[in-house]
Each structure stands twice: as structure tokens, then as C-alpha cells.
Amino acid sequence: MANALLLQFVHRRRRGAELFLLILALVVGIGAYAAVGLGVDGEVPTNLLGYGGWLAALVIAAHVVVRLVAPYADPVLLPIVAALNGIGLAMIHRIDLALDQGQADQQLIWMTIGVMLFVATLVFLRDHRLLARFTYTSGLAALVLLMLPMLPVIGNEVNGARIWIAIGPLGFQPGEIAKVLLVITFAGYFVVHRDALALAGRRVLFVDFPRGRDLGPILVMWGVSLSILILQKDLGSSLLFFGLFLIMLYVATERPGWLVVGGALFFGGAAVAFRLFAHVQQRVDIWLDPFADRNGDGYQLVQSLYGFAWGGLIGRGLGEGMPGRVPEAESDFIMAAIGEELGLTAVIALLLLYGLIVERALRAALISRDGFGKLVATGLAGVFALQVFVVIGGVTRLIPLTGLTTPFLSYGGSSLVANWVIIALLLRISDQARRPLPEATDESEDPDLFQTQVVKAVGR
Amino acid sequence: MSELTLFLVRVAYLAILWIFVLSAISVIRSDMFGARLPSTAAGTAPKPPKQPKAPPKRRGSPTHVAVIQGQNTGVTAALAPNAPILIGRGNDAAIRLDDDYVSTRHARIAASGDQWYVEDLGSTNGTYLGTQRITQPTTIGLGAQVRIGKTILELRK
């Protein structure tokens, strides 16, 4: 009976609620921009109308497209993302004013590209199950993208990590796109092989190990991408990809033993990396005692901690702090700048917003009607949660710092664009999941037809 | 710009941020409990998709079950959504059949939602839908013939 009730459960469209939240989100984003102007120059910025208009146009365009092509999509995701992006832009603008640079304009351009890709994803991808056809293609594409920075001409080394490619004047991190492609690959592979992975195989200790022919291909694929990242000394992304694979394997096979195995592998790998790589040792040393070398290696983290402490509960006020003191304040360490100027109150609000994004993604996974959609949504939620945990944990000295961008807040085009695509995919999956089942229209009198379910076919 | 104004701007901004967070949460809350069941929604929202769904229900809802062949031909019992109809040779059966091939508690007909099901209660000779012996609760529609021993029953309007 409960099941019958669940089947009759109909989601509403909630596009009006989305619009209401979007307007609030715009107030949050544009308000931050105005407050920065008030704090730094003592007056509302002269280009507030142009800036606010541009931001509003982007957000409203995204909303209209969602209304047209994904009417049942989750109403909360888009406003949260718009608010985070608006706060990020205002914060980057604030740091620009402190350091006399112009990265906020570039970030606004990247946001425009991100929204355009968001719209394109929603318009051209009418059914997320289409992506299941590109399981291996997207895996190959991810590997190629990951290898691009190793190539001699376009590859580019920034701050010791070789993860950039230069296309003309634009720098780009292909790893961010590879992240999304790998989620699709893992989901497409696991949804086909999950039964074989979970049931066939032998038991060693208390973990059921699948047969090599079932797990092998995906294991190779994952191993290659992980070793590329380790060669590129990109610690954050290696951690991200490792965790992503583990989460998806666990969800697909429903075997908690994988978490034990994965945890053991992680600590083993971390110990090996600690012995082999000097930069890992350095990161751990900084984490254990940042004040040991407060003007050298530990400078960045120490300044960030000072920022949080100086900000206190409600912050110094936008434009009143000294966020320019933290190196990389506009990218990895943007949370420190926010902590200094808006305080713990705002940091908690932002963490809550990230939590809501993850919750909505997992909710879409729960109510999704097909296994592929479930796994993609779970994977994207996992990527998001891990990334936020790793970077904010690093900035606040909860865990050793590994370079990753704070989704939607940090300066960085590739990350922003990839995250907009992730949100588009989540909206598409939740739209499919919340859409009411198609009605069986029966013209004939044959009672046998009453039971026939109409299954929506994947369009060609 | 005075110190006080800047303080007010700061507090106002944090308030706006939290108003946004809380309204996002309240949308999620109403999204959880605000979804409607189509059956209860008829009065509140006129939904076009409901129209095509109604006719088959009205056309196909049976009101009683009748014995159309066998010793007890002509016996009927009214169908009620909450009262399953027991069929058998026993005294507690709603339709009591004097048929040697029928068990004491042979089968029952029950409703779930707007569907009617026939379920065999572990009878010796089985319950048949057409020529098929049923092993689990099976949906029956208007005019479907259920054979129990030498008796045939039918759902009627």
C-alpha cells in the first residue's frame, strides 16, 4: 500500500518558487557588490546597474530555459548556484580592489560562458539516459583531456602542478571537464555491470571481490587517470577521483566492504605518497604546525587563519578587511576572504548552501526512475561534496591543504563552467524524476491493455 | 561613510543571506509535504491529464461477483473495497459453493486501489483465470471468468 501511495505521489513544478528564490539570490549577489563599493569607496559603485543587469539577465535567461525545457526540475538548485556565483563575483571584485587587478570581469565572462553551456546542456540533452551511450567515449575523452597538460606546447605548469593548458590567452584546466566525463563513464559502466560486480566473485576476508573481467576495465581506466594526476602532482584532483570512484562503486554494488577496502587503500596510498613526494610531506608539515615557518611555507595558511580570526562572528564588513594578504585569496582561499569580511555567520550560510546542493542531488538520485540517472546524480553529488570538503577543510586547517577550487565561489573559468554543466545535468535528472508518469491512454476495450505501462522511449 | 552605517550594511547583508538560506529550506520543506495525490487533488486543481484517466475507471468498475456456471449458478455477492470476498465450501464464505472440487477456504477477491484481485488461498484443486492456474494475486477486470472447481464466477457491473 505504501508503494502504491508512492507511485501516486506527484511533484509540482514549483517554477514560481524558483523565480522567487532567484530574485532573493540576485539581491544577495548584487547586494554584496554594492556593499563592497560602500565599504571600499564609501559609495555605491557607478556600474552597479550595468553589473546587476548583466547578472540578472544571465540568471533570468537560465530560469526561462528551465521553465521551457525542464519544467519539473528541482526548484532550489538554480537559485543556490546563482547566489553562490554572485557572492563569489563580489568577493573577487573586492580582492581586485585590494590588489588592483581585474579578475572579476574575467570571471563574469566565464560565468556567461557557464550559463550558455548550462542552457545548451538543458536544450540539447532532453533525456539524460542518452549519455549512457557514451560510456566508453566519455571515458576516453576524459583520459585525453587529463593527458593534454602533459603535452609540450599547450601544457602549462602553474605553482608546481602541471594541470593547465593554454589556448591562446586563455588558461584552462581540462581536469575539471574530465571530472564530469568520468562520472558518466563510471555510471554507465556500473549500471550495466552492477549485478555481476555485486554477486559474482569470491570472498576474501569479509569483502566480496568481483571477478577481474567485471571490474578490470573500469579499474584500469581509473588507475590510469589517477596515475596521470599523481604525475601532474595534482593532489586535490587525485583525492577527488579516488573518492568519486569509491562512492560510486559502493552505491552501485551496495557492499559496505568497499568502504573498508577503499579506506585502507587511501591510507596506504597516502603513506606511500608521504614517503615518496617532498611536496606531500611539506603540505602535511604545514598542516601540523603552520606557525613553524609563518613567513615561509606556512605563510598562506597562517594568513588565512588570521583572516578567519579577525573576522570573528559577523566579520569586519565587506571592504573593511585585508583579504589581499592571503596569497591566492581569489581562488583556493576565497573562503578565508569571506570569513574575514562576513564572518562565521556567512561561512555557515555558505556551507549550508553547499549542503543543500548535495542534498538536492541525492534527492534526485533517490527519486530517479532509472539506474543510470541514480548513479550519475550520486556521482555528481559525491564530486561536489568531496570538493567542498577538501578545499574548505584545507583552508580552515581541518585536513592538509590540497589545491582545489571552491565551487562557484573561486576565481577560475574551467571550474565554474564545469560546475554549471554539473548543475544542468542534475536539473535534467531531477526533471525526469519528478515528472509525473505518462498516462496510459487506452482507446480499445481490451481489458488486458489496462495494465500496460507506457514507457517513455529514449529519443533518437 | 560613518562607522554605524557600515555596521548596519554588514548586519543587513548577513540578514539577507540568511533569509535566502531559510527560504530555500522552506521551499524544500513545502516540496516534501506539498506534493499532492491525484485522487485528492481533483477539487483543488483542475488538471487536464486527469480527464482521460477517469473514463476507464467508471467504465470498468465492477459492483458484484456472480456465479455463472456450476451448482450455485445465480448466487451473487456485492463487492466492497474494504471487505474481501471469501469463496469456498466453508460456512464463513461469502459465496458458499456446493462443489466437491472446491476447498473449504478456496480463494478470495479483494480490492487494492481501484483494482480487483483474485487470490488463491492454498486450495487443493487451484483457481484458474481462463486456462491459467494462478499462483499469486492476479488482477481481474470486468467480465473476467474465474474458475474454481466446476464453478465459474464473473465480475459484473
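A crossing of two helices is called left-handed if the near helix is turned anticlockwise from the far one by less than a right angle. With that term in hand, the description of this predicted model can start from a pair of helices in chain A. Helix 14 of chain A passes helix 15 of chain A in just such a left-handed crossing. Helix 14 covers residues 371–395 and helix 15 covers residues 413–434, and the two pack at an angle of about 145° with their axes 10 Å apart. On the side of helix 14, the meeting residues are G373(A), V376(A), A377(A), L380(A) and F384(A), and their partners in helix 15 are N419(A), I422(A), L425(A), L426(A) and I429(A). Eight of the residues in this contact are nonpolar and two are polar, while none is charged.

Two residues from other helices help to place this pair in its surroundings. A361(A) belongs to helix 13 of chain A, which runs over residues 334–367. Setting aside residues up to four places away in sequence, A361(A) touches A377(A), A381(A) and L426(A). Of these, A377(A) and L426(A) also take part in the contact of helix 14 with helix 15. A361(A) has a relative accessibility of 1% and therefore counts as buried. A longer view is given by G307(A), which is 54 residues from A361(A) along the chain, with 32 Å between the two C-alpha atoms.

The second residue, T121(A), sits in helix 5 of chain A, which spans residues 103–124. Beyond its neighbours within four places in sequence, T121(A) is in contact with V421(A), A424(A) and L425(A). L425(A) is also one of the helix 15 residues that meet helix 14. The relative accessibility of T121(A) is 16%, and because the limit for burial is under 20%, T121(A) counts as buried.

T137(A) offers another case. This threonine is found in helix 6 of chain A, made up of residues 135–147. Its relative accessibility is 48%, so T137(A) counts as partly exposed. T137(A) and L181(A) lie 44 residues apart in sequence, and their C-alpha atoms are 9.1 Å apart in space.

Helices 4 and 9 of chain A can be described in terms of span and burial. Helix 4, residues 77–99, has 23 residues and reaches 33 Å from its first C-alpha to its last, close to the 33 Å expected at 1.5 Å a residue. Because 20 of those 23 residues are buried, helix 4 is largely enclosed by the rest of the structure. The residue that follows helix 4 is D100(A), with a positive phi near 60°.

Helix 9 of chain A, residues 235–253, has 19 residues that should span 27 Å at 1.5 Å a residue, and its end C-alpha atoms are 27 Å apart, in agreement. In helix 9, 14 of the 19 residues are buried, so this helix is largely enclosed by the rest of the structure. Just after helix 9, E254(A) takes a positive phi of about 55°.

Turning to chain B, the secondary structure comes to two helices and eleven strands. Read along the sequence, the two helices come before the strands. Chain B has 157 residues, of which 36% count as buried. Among its contacts between residues at least 6 apart in sequence, 36% join residues at least 24 apart. Chain B exposes about 8,800 Å², and carbon and sulfur atoms supply 55% of that area.

Terms used
Residues are numbered from 1 along each chain as its sequence is written. Chains are lettered from A and ligands numbered from 1 in the order in which they are written. This is a predicted model: local features need pLDDT of at least 70, side-chain atom pairs count only at pLDDT 80 or more; totals for chains, interfaces and linings use all residues. Side-chain values use heavy atoms; hydrogens and water are left out. Axes are lines fitted to C-alpha atoms, for helices over the stretch in contact, and angles run from 0 to 180 degrees between N-to-C directions. Helices (H or I, at least four residues) and strands (E, at least two) are DSSP runs, numbered from the N terminus. Contact means heavy atoms within 4.5 Å. Ala, Val, Leu, Ile, Met, Phe, Trp, Tyr, Cys and Pro count as nonpolar, Asp, Glu, Lys and Arg as charged, and the others, Gly among them, as polar. The expected span of a helix is 1.5 Å times one less than its number of residues. Buried means under 20% relative accessible area, exposed over 50%, partly exposed in between (1.4 Å probe, protein chains only). Accessible areas come from the Shrake-Rupley method with a 1.4 Å probe; for residues, only the protein chains shown count as cover.
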